[in-house]
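Colleague: I have just opened this entry and would like some help reading it. Could we go through it together?

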Amino acid sequence: MSNATAGGPGRLAGNGAVVARAPAKINVHLGVGPLRADGFHELHTVFLAVSLFDTVTVRPAEGLSLAVRGEGSAAGPGAGSVPSDRRNLVWQAAELLARHAGVEAAAHLEIDKSIPAAAGLAGGSADAAAALVALDALWGTRATRGDLAGLAAQLGSDVPFSLLGGVALGNGRGERLSPVLARRRWDWVLGIAGEGLSTPAVYAELDALRAAGTLPDGTDAASTEPVIAALNAGPPAALAAALDNDLQAPALRLRPELRRALRAATDAGAGGALVSGSGPTVAALAEDEDGAVRLAAELAGAGVFRTVRAVHGPVPGARLVG
Ligand code: ATP
């Protein structure tokens, strides 16, 4: 199936621009296995796509050019850590798709970021997935979802999930996905701390803590079962009890003030809270939509987060809009 068919036409009248958006993710379970020979860890994770979106707009141009606005851009909030050259995953996505399709890599790319950078929310991966979908439509490359998933896995471990969305079990580096049926909506509040955390640094800290015997070795595939059951059946207390992230302990070591942020979330009435991915974002589980609004208001006043966002999931992966 061509994704242009799946996502609608996606072309804005007049200027030939194509717009796509992709969601942030939370890992409701992140089990990190041993370090593999290729330098990656074997993961057993459950991804949930949530309603915080980055938008990528592409338009005809000569050669490739890129502009970044919003979170993490030079002029936006956050650390200004998002590159606007070929180091950006969107640029790499454009070059990869062009090579795959045998077309010239020619487009002006614009990223509007709402997902904070280096926050454990896979913002860069979301942008890459949205770029693949938008450029496929702009260039008429008619890639199938399977083709795009293959390219996504070459771009980064989380990019295939940003493309797929919903709820999925992730194995390997997180790129081998099995969709999971989600029977209900889950409401969360994301508490975004001031400065980003480097994902490789958090994994390195985990390895060091395990080598020192401070933390047990990695979890296995069966460790994902309780959270999948809870996601399907609820109630929120069951999901709260099943939330688990092996990267939380090393993230807390690198950023001790995260402990206060997690406590602020539970003190404010969250059923449960965990560090999202490699952090430093805290994902706090609410009872329902009204509960999330109340929790967000409470956490905004707690003085521990730069930004607080009420979100829900699951939501679809990268899609054309307009
Ligand atoms: P990971 O997916 O590694 O867990 P994350 O979700 O914590 O990462 P991202 O927002 O994806 O964090 O950014 C990680 C780093 O990737 C940034 O610090 C930046 O240097 C680089 N990067 C490249 N392209 C992008 C992009 N489009 N948006 C954000 N960061 C990008």
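Modeller: Happily; we will look at two helices and then the ligand, keeping in mind that this is a predicted model.

Colleague: Let's start with length. What should the 13 residues of helix H6 span, and how far apart are its end C-alpha atoms?

Modeller: The idea is to allow 1.5 Å a residue, so helix H6 (residues 199-211) should span 18 Å. Its end C-alpha atoms are 19 Å apart, which agrees. Helix H3 (residues 123-139) can be read likewise: its 17 residues reach 24 Å from first C-alpha to last, close to the expected 24 Å.

Colleague: Which residues of H6 are buried?

Modeller: Here buried means under 20% relative accessible area. In H6 that holds for Val202, Tyr203, Glu205, Leu206, Leu209 and Arg210. They cover an arc of only 155° around the axis, so they sit on the same side of H6. The face turned away from that side carries the exposed residues Pro200 and Ala211. Among the elements covering the buried residues are strand S1 (18-35), strand S2 (41-59) and helix H9 (248-254).

Colleague: How many residues of H3 are buried?

Modeller: H3 is mostly covered, with 16 of its 17 residues buried.

Colleague: And what is the phi of the glycine that follows H3?

Modeller: Gly140 follows H3 with a positive phi, near 60°. Just after H6, Gly213 also has a positive phi, of about 80°.

Colleague: Now the ligand: which residues come nearest?

Modeller: Of the 22 residues around the ligand, those are Asn88, Gly120, Ala122, Gly124 and Asp127. For polar contacts, look at Lys113, where a polar side-chain atom lies 3.1 Å from a ligand nitrogen atom. The protein buries 78% of the 610 Å² that the ligand exposes when taken alone.

Conventions
Residues numbered from 1 in each chain as written. Predicted model: local features only at pLDDT ≥ 70, side-chain atom pairs only at ≥ 80, totals over all residues. Heavy atoms only, no water. Helix = DSSP H or I, 4+ residues; strand = E, 2+ residues; numbered from the N terminus. Expected span 1.5 Å × (residues − 1). Buried < 20%, exposed > 50% of the residue type's maximum accessible area, 1.4 Å probe, protein only. Arc of directions from axis to C-beta. Contact = heavy atoms within 4.5 Å. Near = heavy atom within 4 Å. Polar contact = N/O pair within 3.5 Å; in protein donor to acceptor, adjacent residues only side chain to side chain. Areas by Shrake-Rupley, 256 points an atom, 1.4 Å probe, with all protein chains shown as cover.
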